[in-house]
Amino acid sequence: MVHANDALICCLYNSGMPRLWHPTAAPTRRIDGHLGSSVSPPMPSAHRGWETLALTLGALAALRFVAILLRENAYGIAKYYMADDAFYYFQIARNIATGLGPTFDGVHNTNGFHPLWLLISTGVFAFVQGSMAPLLVLYALQIGMLIGSAFMLFLAFKEFDRLSGAFTVALFLASWHTRKILFAGMESSLAFVIASGLLLLAVRRRSRFFMPASWPEAWGLLALLLALSLARLEAGSLAAAWLCVALVVDARHGSHSRPRILLVGLGLVVAGCAYVAWNLLLVGMALPISGLLKAGGHHSWDSVHAVLLGHRDAFIGLIAPPGGSPLAKWISIAEGSILAVALVACLVRVRRHYPCQVLGLILFLVFAIAFVAVSAFVTNGIWAWYRWPALLAGVLATFSSIHFVLAHLRPVRLALALLAVVTTMAVVPDWYLTLRPHPLADWSPLRGMVMDETVRFIREEIPPGERIGGVSNGIFTYFCGRQIENLEGLANGAAFYRARRDPTAYAAYLRENRIRWIIFHAWSSDDRAYRFKAYVPTSQIDRVYDLDSHYHLDLRRNAFFPDRPHGASLSEPNVYFVRLKP
């Protein structure tokens, strides 16, 4: 069998993409049918300077993450860069480290998390004292994983075209989408770095990626596939797909690796059974409560369309246009089409001329498509951290497109100069967003003084002995020092999951658990009405406070309408504190 690496080189360099220089020496075919080792000739000296420029731009882009760590404290980074859901992880990890067990509110056990990132977070809280220092360590870990992903992607790309790979990685590090998806405190950075490592193995190991040649290789593959599955549970589908493809490929080539492939499969099955058993023991349900709640909701076409657009934006994220103007939307459609065509053309050539040699690449792309479909039609995964598979596919497509441009646009120096200008322009915007003062409009869901005053209200107005429930309450729960129950069910137990199915049962659940306060934010009057209906039993309301009126913040003016005064009615955006009857 021809190695996957050589096949992909043939795909990129012989299928309508004239090469800038030959990436590998002519391979030597051995008697057993495998290609012999090949040695890449040195890069032309004229291109070394351009590669250095691209990598320098990538390093400059990466430095803004260091600037964030140096410029902000742990609380500031939480407010302006982290996802609210990240603090479901951090609050649970802190509770485990202090001996309370896997609980968000200090009362109910929960399995509403992906295990590997929680395990890492718990380790940090166990060895780093305090509330702020562990956060800085976790932020730094995410930056390390992001830069590590870029490094492994470059190692994979340089097998085919170092120069295109260098510019692709520079764009990856510069992209706002990369920061939004992979520097949010969520499991996405961990899943992305493991997936990048697997992609590198698929390129370097070639046929051995599906047919491990030794037991250590099989154990290594098992460790990576299992780690990816535990980092993001849906990624278990990639591990299952790998197993199926490996058995088919190995059967076509004599079944020499079957015992080692079966070892990987057995390890994955045992780990899956152990995870289900742990869930049953912990909360009495086989699957995560958060996943069941998301999958059980209603998904309208509008919500599906919004999710698909979000993943589309991640796919074109390395070269996405700024803003939401009609022109930017048309540019996004064109860019998405071009990148998709580049990938499809590559896969068609592979299928026609080298049908089995780049199955690793195809595996990742099919997984990305499947992950997007699950996000859109099952879990309503609209948030940024769901989009890492689309981002990975976009990185691959961007590499193919850059290589095509450099191979066809003449003179080559003009193409390289244009690419350098585009990359430089990509580095600047997110540096600006990093260094500028943070406006209140950055909140999502709680930023700036909204976050500050929400924590203040909890500390000053809610007696310490009264239990609180909250919606999107990860970040303010962590920083207010109270154990607050999550009323969305994202970090809750089985009893809450059953109660959410019936409004009457939900009201009874609140009474039984002595919830006296409910806290939530709203973006508009419609959003406020929805949240009152979904989370606040009308018959139990004693009094409603809102952050804007209580502290005279003028949130509407400060957030979105600086020249328009708000009326007599409560302004949005806003945060509401509902006190329930005893």
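Okay, let's start in the middle of this thing. The largest nonpolar core has 148 residues, and the ones with the most contacts inside it are F87, F90, F172, F183, W242 and W388. The helix that gives the most to this core is α6, residues 133-157, with 13 residues. Apart from that core there's another one, of 17 residues, including L487, I515, A534 and Y535. And before I go on, do keep in mind that this is a predicted model.

A quick word on the chain as a whole. We've got 25 helices and five strands. Of the 582 residues, 55% are buried. If you take contacts between residues at least 6 apart in sequence, 74% of them join residues at least 24 apart.

Back to W242, since that one leads us to a helix pair. Leaving out residues up to four places away in sequence, what does W242 touch? The list is F209, F210, L221, L225, I261, V264 and L363. Hang on to L363, because W242 and L363 both turn up where α11 meets α16.

So, that pair. As you know, two packed helices are described by the angle between their axes and the distance between the axes. Here α11, residues 236-252, and α16, residues 359-379, pack at about 150 degrees, with the axes 10 Å apart. The crossing is right-handed. On the α11 side you have S237, L238, A241, W242, V245 and V249, and they meet L359, L363, F364 and F367 of α16. Sorted by class, that contact has nine nonpolar residues, one polar and no charged ones.

Next, two helices whose lengths I can check for you. Helix α9 covers residues 188-205, so 18 residues, and at 1.5 Å a residue it should span 26 Å; the end C-alpha atoms are 25 Å apart, which agrees. How much of α9 is buried? It's 16 of the 18 residues, so the helix is largely enclosed by the rest of the structure. Right after α9 comes R206, with a positive phi, near 55 degrees.

Helix α10, residues 215-231, passes the same kind of check: 17 residues should span 24 Å, and the end C-alpha atoms are 24 Å apart. Its buried residues are E217, A218, L221, L222, L225, L228, S229 and A231. Look at the spacing there, and recall that an α-helix has 3.6 residues a turn, so residues three or four places apart point the same way. And what covers those buried residues of α10? Among the elements that do are α5 (115-127), α9, α11, α12 (258-283) and α17 (388-408). Remember too that L221 and L225 were on the W242 contact list.

Last stop, two single residues. T434 sits in helix α18, residues 412-435. Buried or exposed, would you say, for T434? T434 is buried, with a relative accessible area of 1%. Not counting residues up to four places away in sequence, T434 touches R64, I68, R71 and Y81.

Then A494, in helix α21, residues 494-499. A494 is buried too, at a relative accessible area of 7%. With the same sequence neighbours left out, A494 touches V283, M285 and I289. And if you measure C-alpha to C-alpha in the model, A494 and N109 are 8.7 Å apart in space, though 385 residues apart in sequence.

That's my tour, thanks.

How values were computed. Residues are numbered from 1 along each chain as its sequence is written. This is a predicted model: local features need pLDDT of at least 70, side-chain atom pairs count only at pLDDT 80 or more; totals for chains, interfaces and linings use all residues. Side-chain values use heavy atoms; hydrogens and water are left out. Helices (H or I, at least four residues) and strands (E, at least two) are DSSP runs, numbered from the N terminus. The expected span of a helix is 1.5 Å times one less than its number of residues. Buried means under 20% relative accessible area, exposed over 50%, partly exposed in between (1.4 Å probe, protein chains only). A nonpolar core is a set of buried Ala, Val, Leu, Ile, Met, Phe, Trp, Tyr and Cys residues joined through side-chain atoms within 4.5 Å. Contact means heavy atoms within 4.5 Å. Axes are lines fitted to C-alpha atoms, for helices over the stretch in contact, and angles run from 0 to 180 degrees between N-to-C directions. A crossing is left-handed if the near helix is turned anticlockwise from the far one by less than a right angle, and right-handed if clockwise. Ala, Val, Leu, Ile, Met, Phe, Trp, Tyr, Cys and Pro count as nonpolar, Asp, Glu, Lys and Arg as charged, and the others, Gly among them, as polar.
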